[in-house]
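Biologist: Please take me through the empty spaces and the chain contact here.
Modeller: Certainly; the structure follows.

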Amino acid sequence: MKPFRYERANGVAAACAAAAAPGARFIAGGTNLIDLMKLQIETPELLVDIGLLPLADIIESTAEGGLRIGAGVTNSGLAADMRVRRLYPLLSQAILAGASTQLRNKATTGGNLLQRTRCPYFYDTTKPCNKRAPGSGCAALHGINRMNAVMGVSDDCIAAHPSDMAVAMTALDARLETVAPDGAIRAIPIDALYRAPGNTPHIETVLAPGELIRSVLLPPPPQGRQVYRKVRDRASFAFALVSVAVVAEREGDRVRAARVAFGSLSYKPWRSAEAEASLEGASATRTSFDAAGIAALKNARGYGHNDFKIPLARRTLRATLADAVGV
Amino acid sequence: MEREFALRSPISRRRFFGTAGVTTLALASPPAFADATAQTSSLPTVNVRLTVNARQLALDLDPRTTLLDALREHLGLTGTKKGCDQGQCGACTVIVNGQRINSCLTLAVMHAGDEITTIEGLVEDGDLHPMQAAFVRHDGLQCGYCTPGQICSAVALLAEHKAGWPSHVTADVATRPALTDAEIAERMSGNICRCSAYPNIVAAIRDVNEGGRA
């Protein structure tokens, strides 16, 4: 690990100001950052510990009937919160499908959103990676890219975002509330947080230096049944090959409305407007669910080892929709 | 939950610390990192106050020191094991403020003021913790390397279950699930046992949960 200075922030303004300096990074749970620091993939000069910021670990009900989740709430705390379990079971299910309890006890809401890819070539410092070393190339493009993305990526980077939590939040229309070093507060829809890799895959979000995610806002829970389904190589403690978050409302023999978001298919949780349009008013049958899957994946492109993700995503969507609407 | 873990008074730690109150151990400590040895002497250290197994301690540490290395290399608490050192195996599991974490993926400086319980801190007045005794009784180990992490994890697991936490295998996350073997297995998935003593580990945890012999 490269040497660094460590500061414990005692307020949001001080934290943002400190973290705006070049080479500075926020640290909360540290479960991703410290791992990357050991490998010298991350080499911060200053760590600003935001673990004890006031109110960062509070979940509160909002006037509009939703929840405001402090960015410092742990993944365990969020998944175990009874309001989340009753009103947003999708979110509890998604969080509980990720990592181990030890990691969820440390990992925070904000940190989970900003965790970095698990692309094996990002982790292998002997290989080119445009995300880790801009301009060096992408070893995954023609490499063992089984875990990589099939949607929305570029020939410069095919890394997938590994979060489960963020997939549920995307289906739930979450917004992030951030604070900038100048004190400005803004709300960012979760879908707008992540930047497409294009030819600058090392720039992953729209956040400015020192801009801190303060909380995540969930609007009132949507109508319909919420189901998160994760497909992985083993039954527990593994990253997803594909995951699907569905909120679907049935009306008689039809789907009144549905929301669909995929995990591990792209650089961000992939909300599919195409699948949602295909499902609106459609018959509640496997034929409709297959059509939604075809619509969702129509622009997908495999890179060899990950070709299987495209049919797997379609079938996982079909099964998850069938579960959600009771077919 | 905190009290259950933190307020023990283990005998075993007396092997390491002879005196009461806050003890400064920095000068007696070996460098924590093999790969940082050359630079250690010139690096600024930070003073960290930790509460480990109900004992308050002050350490001067390179900020890079993980909690795991602070426990093993600076405090001599070698019960906590270093397996993968990247959060995958669970051998380094300790209990911090009542919750189990991977001590390899956190910095000691981040834990100033926290209550840390290691496997050494589970012993009470020389008696094994009920979970330790159950692992012995059920033969929940072979080589034993993962065992301290398994036991710390299992102790915290019971507290989490008592608090009503759901898991990935809970059919309805809005309910408080019974601690079935499937629930135990899922909740222990952060602790790997290469000898594959899993059936007996699950049996030991089930036994303690059902109020088996202590």
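Biologist: What is the volume of the largest cavity?
Modeller: The largest cavity has a volume of about 80 Å³. A cavity is a set of points, on a 1 Å grid over the protein atoms alone, where a 1.4 Å probe fits but cannot get out. The volume is the space filled by probe spheres set on the points, which are joined across faces, edges and corners. This is a predicted model, where local features need pLDDT of at least 70 and side-chain atom pairs count only at pLDDT 80 or more, while totals for chains, interfaces and linings use all residues. Residues are numbered from 1 along each chain as its sequence is written, chains are lettered from A in the order in which they are written, and side-chain values use heavy atoms, without hydrogens and water.

Biologist: Which residues lie nearest the centre of the largest cavity?
Modeller: Those are A:C119, A:C129, A:C138, A:A140 and A:C157, out of 17 lining residues, where lining means having an atom within 4 Å of a point. By class, this lining has 11 nonpolar, four polar and two charged residues. Here Ala, Val, Leu, Ile, Met, Phe, Trp, Tyr, Cys and Pro count as nonpolar, Asp, Glu, Lys and Arg as charged, and the others, Gly among them, as polar.

Biologist: How many cavities of 30 Å³ or more are there?
Modeller: The structure holds three. The second largest has about 70 Å³ of space. Residues of chains A and B line it, including A:R104, B:R100, B:E160 and B:W165. Helix α3(A) gives the largest share of that lining, three residues; helices are DSSP runs of H or I with at least four residues, and strands are runs of E with at least two, numbered from the N terminus.

Biologist: Turning to pockets, how much space lies in the second largest one?
Modeller: About 400 Å³. A pocket is an open set of points with protein on both sides within 12 Å along at least five of seven lines. Of its 19 lining residues, A:Q93, A:V227, A:Y228, B:T170 and B:A171 are the closest to the centre.

Biologist: Which element gives the largest share of that pocket's lining?
Modeller: β9(A) does, with seven residues. The lining of this second largest pocket comprises six nonpolar, five polar and eight charged residues.

Biologist: And the interface: how many residues does each chain bring to the contact?
Modeller: Chain B brings 40 residues and chain A 37, with contact meaning heavy atoms within 4.5 Å. The two chains bury about 3100 Å² between them, and carbon and sulfur atoms give 58% of that area. Buried area is the accessible area (1.4 Å probe) lost by two parts on being put together, summed over both.

Biologist: Which three residues of chain B supply more than any other three?
Modeller: B:L105, B:M110 and B:V173 supply 21% of the area that chain B buries against chain A.

Biologist: How many salt bridges cross the interface?
Modeller: The rule, a side-chain nitrogen of Lys or Arg within 4 Å of a carboxyl oxygen of Asp or Glu, finds one between chain B and chain A. The side chains of A:K38 and B:D85 meet in a salt bridge, at 2.9 Å from N to O.
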